[in-house]
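Hi there,

Here is the structure I said I would pass on. Have a look at it first, and then read my notes below.

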Amino acid sequence: MPTPRRRRSALPLTLSATALLVPLATACSGGASDAKGAADGGQRLRVVMAFPPAQAMSPYGDDAVTLSRLAVVEGLTSLGPDGTATPALAASWKRDSAKEWTFTLRSATFHDGTKVDPAAVVRSLTAAQKASPRPRVLSDTGLTATARGADTVRIVTDEADPLLPQRLANPSLTILSAAAYTGGRADPAGHATGPFALTTVKGAVSATLERNDTYWGAKAKAPGVDVTFVADGTARANALRTEAVDVAEYVPISQASLLGDGLVHEFPSARTNGLSLNTERGVFADPAMRAAAREAIDSKALVKAVYEGRADAAQGLLGPGVPWAADARTAPVGRTKAADRAQVAQTKEIVLATYTNRPELPEVATVVQQQLSKRGFTVKQVVRDYAQLEADALAGKYDAFIQARNTLLDTADPVSYLASDFTCDGSFNISQLCDRRVDADVDRAAGATTADARHAAAARAEADVLGTDALVPLLHERFVQGYDDSRVQGVSLDPLERTLITADTHLG
């Protein structure tokens, strides 16, 4: 699916933005928070997040990303800006064979004061493996962890997995203390290792974080963080505008221009909005018609009309949020000559579908419909909640489908995206594409053991997919985070959406 985090229900539309600010203001400035703020010299951070906890802060669902963005949880590894694995709770690692790895732990303690040791790592990874539902990052692999000595862990994967270090950076594979695993669930509150400790969670309303003074790395500069969860984007923007909060997550495009450049910070994401064309049946089973649809699309017009310039024109499947993609990209191969307007006009009506969960997509669909109509296509729109569309989209019941897709998924590597979306056996193949050349290049990329080799093979697969016109890239989204950089420093602008508040984030 495009992005599970985006599927959470918004607050009822009958609530106004002003009403939504009442609990936000109460949580940010009332009672215990006031006392803490005074005691800490007013240096506590006030943050409003877009997605309320959906699983009581369980690390095995979407809440794991929230915990990561608040610098509460850590895994054995973390991800660098280029998506490569860097040390976290593991100081180093080595690959012993195709399926076997050894990780050496650093000296660290959990928020409850117990030691991070091999037994804790084994316990956490085993719990994630057995969790129901199973974390997405483990959906295509299995692993077995065993303790070896005082500070090493051996991990064996079911299949050769050159991406294991990146996989272990996923927030769902966080390492927690023994006390976290009670009552059949994993509770990160007071049991993780990050720069901030989660001390209080008030349902889907608010949470409190305190600085971890025993952190193994650089100590957090802020004494704590008071977090409020507000689904309404206008309310988050208003809270930032009135200085009720210091940081507002995911400012809507519609609010960015109202806030002004001093309060909004946009940056490339790994998310590509694309037009999937049904290659198996209907009008777009003809590659000449797919080529005509591609020629009809004006990406720059979409960026201007819908995103107010706060997006990037389409460059390929992998946009500027994938830092190596531009240099590795090659020209599409094997494209068919496009049908002319007269030929297009003779085709039957096509059904173009998209979903309401991302507010810009219905607008994108309207502009795309206009662009296709100018080329001669007759277009009918279907716009619904994503949950009502997914099964039909995957079954190939639409001629065209617009989606916003995170191309780096769970391992910060696009190969799994290419495999799931464009191979014959892909689990998310909305375009119904089955091309032997694409499959072969994706297989080569999956088996590559070096980053350069994987990037080159992924770029060849991208060129193959674009050559089929199974997906027409529309644009590359940018993320917009809100904060006043004259008052707040150290906010992480992360294309992978893994970090936001870090040890360096502070008022000053």
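How many of the nine residues of helix H6 (residues 233–241) are buried? Keep in mind that this is a predicted model. Buried here means under 20% relative accessible area, and seven of the nine make the cut, so H6 is largely enclosed by the rest of the structure. They are Gly233, Ala235, Arg236, Ala237, Asn238, Ala239 and Leu240. Check both ends of H6 too: at its start, a side-chain oxygen of Asp232 comes to within 3.1 Å of the backbone nitrogen of Thr234, and just after the helix Glu243 has a positive phi of about 60 degrees.

Next, helix H12 (residues 360–374). With 15 residues at 1.5 Å each, H12 should span 21 Å, and the 22 Å between its end C-alpha atoms agrees with that. Its buried residues include Leu361, Val364, Val368 and Leu372. That spacing is worth a thought: an α-helix has 3.6 residues a turn, so residues three or four places apart point the same way. Just past H12, Gly376 takes a positive phi of about 115 degrees.

Last up, the cysteines. The count comes to one disulfide, and it joins Cys424 to Cys434, with the sulfurs 2.0 Å apart. Both cysteines sit in the loop between helix H14 (415–422) and helix H15 (436–447), 10 residues apart. The torsion about their S-S bond is about 95 degrees, so the disulfide is right-handed. As for accessibility, Cys424 is partly exposed at 29%, while Cys434 counts as exposed at 56%.

Cheers

Conventions: Residues are numbered from 1 along each chain as its sequence is written. This is a predicted model: local features need pLDDT of at least 70, side-chain atom pairs count only at pLDDT 80 or more; totals for chains, interfaces and linings use all residues. Side-chain values use heavy atoms; hydrogens and water are left out. Helices (H or I, at least four residues) and strands (E, at least two) are DSSP runs, numbered from the N terminus. The expected span of a helix is 1.5 Å times one less than its number of residues. Buried means under 20% relative accessible area, exposed over 50%, partly exposed in between (1.4 Å probe, protein chains only). A disulfide is a pair of cysteine sulfur atoms within 2.5 Å. A polar contact is a pair of N or O atoms within 3.5 Å; within protein, one must be able to donate a hydrogen and the other to accept it, and residues adjacent in sequence count only if both atoms are side-chain atoms.
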